[in-house]
Every structure is written in structure tokens, then in C-alpha cells.
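Trainee: Could you take me through one part of this model closely? I would like to look at a single helix and its surroundings, and then see how that part sits in the rest of the chain.

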Amino acid sequence: MSETPPDGAPHPGRVADVFEVYEVETTAEAVRYYGRPRSDRESVVRALAPAFRDRGYTVSLERELGEDVLVARERSVGVDGFPTTNVVLFLATVATTLFAGSQWYGIDALSNPTRVLEAWPFTVAVLGVLGVHELGHYVASRHHDVQASLPYFVPIPTLLGTMGAVIRMNDTLPDRKSLFDIGVAGPLAGLAATVVVTAVGVSLPPVEVGAFPVRLGYPPLIQLVAAALGEPLTYADASLMANPVVVGGWVGAFVTFLNLLPVGQLDGGHIVRAMFGRAHATIQRLVPVVLFGLAASLYAFGDGESVSLWVVWGFLTLLFARMGSAEPLDDSALGVSRLLVGGVTLLLGALSFTPVPLVLA
């Protein structure tokens, strides 16, 4: 072990007010300051994060082998090396969405596997709206000098072929502005892609109902796009359905609504935390109540469709709330322009909601 950190990392004397350092260890991965915190974990990190950030490090307070350790890792907002994991997951998701799309198009992919390539419009639509959403977050993160990974797509053999995509942030957020901009960029970019994909999808000819016995519930946003173009979403002939490209628009709207729930680390949680500060804690406690209430009303007054969906999301929002929200270092209030953008975004999220998004026919 050494007594001083490497050039660039803060000297132990710079942290002494909140963390008493008695040893420093430097490795290829991190600089570790062993010592005793003078206050609670959150207060220590909030007090020290700006100094470490200014010197190019992220910092966390961890417990290792019974000792308290400040772990400082070098920040890097670029892509280090070839993103092998991202590329492999993306290609796997292309494969699973092609297979899922073949079922929507009524293609027998098992007897003729090469025909799955005919489902490429479905794959482009679904991965397009998901990818644009995540790239919105990524671009905003780079703009605010916040570490973020490239999107990770999640392949899964379902009727959509994917569980979505995520980016991973491992950095402190300097202020409410950065928290807001990163949170709002994904939904707005995804909604723009949703409108474009929906407009293309409703303009394409319908197809015969495929292998999935599914009926989609279209939210107001999708209905408005179709109405603006004078195109139908359903047909009197029960053997016909809207072109599967429209499913990409439905995915974009559904994902946007779920992400805009004002809870924890969801996009809506970031936006509402940035807009309303710590009042966000009160708002997020209402979310599971509303979702459980929605499930109860569908059970009592509807056909029971989508009850399990909202019950599951009710429990998920309870979990997300317990996991905590993002905490910016500077908690100064947002300006009027960002508050207006946030209000419009949440309104668009409401237009992306439908109580029964999917029904097994």
C-alpha cells in the first residue's frame, strides 16, 4: 500500500472533513482510500463527489473485508474498446425479432427458416423505436459529460422477440438539469420514432392474421396518428390485421408509458425528481396505489383482461421505489422552459396509455 494517491486523484487531506483516511491503495482499476466516515454514507459521497468528478473520477463508499473504503474509479464518457457484449446482444435480438415477426406475418419459419428474413420490416420497426429511445439517453448523457454505456438489447423468444433495451449509467449527476435532460431525452426521442413508425405502418397494406392469437389495444397516440392519415387500425374482415410494422409503434407507446411512471430510476422518476425535488417521494408512493386500483377496476367492471399485467407492475413500482431515486449533486430548481418540456412529456406519456394494451384472442 502507498500513502499518497496517484497524480490527479484527490489528496487524503482534501477528504478529511468527511472521511478520515489512514491508508491509500492504488491498483489498475481504482484508487482505494481506507478510513472512517465522519457521517452517513450518502452524505459522505455527496460531499466528495464534486471534487473527485472535477479530477476525472467517480467515487463510492463501500465496505470491504470489514473496512470502510472510498473507491475512486477513472471516469470515461467514451466507448472503451470494441463493445462486444452490445453487438452480440443486438445481433441475438435481431434474430429473435425476425422470428417473432415471421409469426406476425404468418410465415412458417420452422419449415423454411430463410423466410424469417421477410420479417425485416417488423425487426426494423421494433428495434428502431427501442434503439432511438436509448440513444436519446446516451446522447444527453454525453452532452452532460455523464458516463453511460451503449444500449444493451435484451433478446427473448416472445411475441415481440425482445424485452427492450437499456443503457447503464455509473456516474454522479452534477445537477437537476442533467438529471432532467437525460431522463426526458429517451422518451421524447422514442415518441418521435413511434410516430414515424406508426405512420409508415398504417400506410402499408394489411396482412392476414398470423400465428399469434393477439389483439392489440391501441393508445390515443397511435389512434391519433392513424386518424390524421385517414388509415384504419382494425378491419371489418376478421382475417385481416394492421401491418406488423404498426406493432413497432405500439411497442414504442407502451414502453414510453411504462418508462414515464414517476418511480425510482425509471425515466419518469428522473423527470419528476428533477421537476419537483424531494416532493417526488410523495408522488411515487401514489403510483402502485393507482396501478392496483386500475387492476381492481378491470377485474370488477371489465372482462378481467390485463389485470395480471397491472398487478405485476404495481409490485414492480413498489420495488423500484425501494431501490431509490437518482440524487443530483446540485439540487437547484429547474427553469420554466424545462418544467414546460417535462409537463408536455408527461402528457404524451398519458396519451401512450391504454388500460388493456394486449388481449389473447
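Mentor: Happy to; what follows is a walk along one helix, then its neighbours, and then the wider chain. Please keep in mind that this is a predicted model.

Let's settle on α9, which runs over residues 280-301. The helix has 22 residues, and at 1.5 Å a residue these should span 32 Å; the end C-alpha atoms are 31 Å apart, which agrees with that expectation. Next, look at which side chains are tucked away: His280, Gln284, Val287, Pro288, Leu291, Leu294, Ala295 and Leu298 are the buried residues of α9. Viewed down the axis of α9, these buried residues fall within an arc of 115°, so they line one face of the helix. The background to this is simple: an α-helix has 3.6 residues a turn, so residues three or four places apart point the same way. Now turn the helix around. On the face of α9 that points away from the buried side you will find the exposed residues Arg285, Leu286, Val289, Ala300 and Phe301.

Arg285 also gives us a link to another helix. Its C-alpha atom is separated by 7.7 Å from that of Ala321, although the two residues are 36 residues apart along the chain. Ala321 belongs to helix α10, and with a relative accessible area of 25% this alanine is partly exposed.

Between α9 and α10 (307-323) there is a loop, and Ser306 lies in it. Ser306 deserves a pause: its phi is positive, about 70°, although the residue is not a glycine. As background, most residues other than glycine have a negative phi. Ser306 is also buried, its relative accessible area being 12%, and the cut-off for buried is under 20%. From Ser306 to Leu318 is 12 residues in sequence, and their C-alpha atoms are 19 Å apart in space.

A second non-glycine residue with a positive phi is Asp145, at about 60°. Asp145 is found in the loop between α4 and β5 (152-155). Here the setting is partly exposed, with a relative accessible area of 37%.

It is worth setting α9 beside α3, residues 84-104. The 21 residues of α3 should span 30 Å at 1.5 Å a residue, and the end C-alpha atoms are indeed 30 Å apart, which agrees. Among the buried residues of α3 are Asn86, Thr93, Thr96, Thr97, Gln103 and Trp104. Just after α3 comes Gly106, with a positive phi of about 75°.

The UniProt record adds some labels to this picture. Its unreviewed entry lists "transmembrane region" for several stretches, including residues 87-107, 152-170, 282-301 and 307-324. In the model, residues 87-107 are 86% helix and 0% strand, with end C-alpha atoms 27 Å apart. Residues 152-170, by contrast, are 0% helix and 47% strand, and their end C-alpha atoms are 15 Å apart. The unreviewed entry also carries the annotation "domain: Peptidase M50" over residues 122-281. That stretch is 54% helix and 10% strand in the model, and its end C-alpha atoms are 39 Å apart.

There is also some enclosed space to look at. Rolling a probe the size of a water molecule over the atoms shows where empty space is left. The count comes to one cavity of 30 Å³ or more, and the largest cavity holds about 30 Å³. Its lining is made up of Val129, Leu130, His133, Gly190, Thr194, Val251, Gly252, Val255 and Thr256. The helices α4 (120-143), α5 (176-203) and α7 (245-259) each supply at least two residues of that lining, and α7 gives the most, with four residues. By class, the lining has four nonpolar, five polar and no charged residues.

Finally, step back to the whole protein. The protein has 11 helices and 10 strands, and its C-alpha trace spans about 75 × 45 × 35 Å along the principal axes. Of its 361 residues, 47% are buried. If you keep one image from this tour, let it be α9, with its buried residues lining one face of the helix and exposed residues such as Arg285 and Phe301 on the face turned away from them.

Methods. Residues numbered from 1 in each chain as written. Predicted model: local features only at pLDDT ≥ 70, side-chain atom pairs only at ≥ 80, totals over all residues. Heavy atoms only, no water. UniProt positions renumbered as here; feature names shortened; annotations may be inferred. 1 Å grid on protein atoms, 1.4 Å probe; cavity = no way out; pocket = protein on both sides within 12 Å on 5 of 7 lines; lining within 4 Å. Points joined across faces, edges and corners; volume = space filled by probe spheres on them. Nonpolar A, V, L, I, M, F, W, Y, C, P; charged D, E, K, R; others polar. Expected span 1.5 Å × (residues − 1). Buried < 20%, exposed > 50% of the residue type's maximum accessible area, 1.4 Å probe, protein only. Arc of directions from axis to C-beta.
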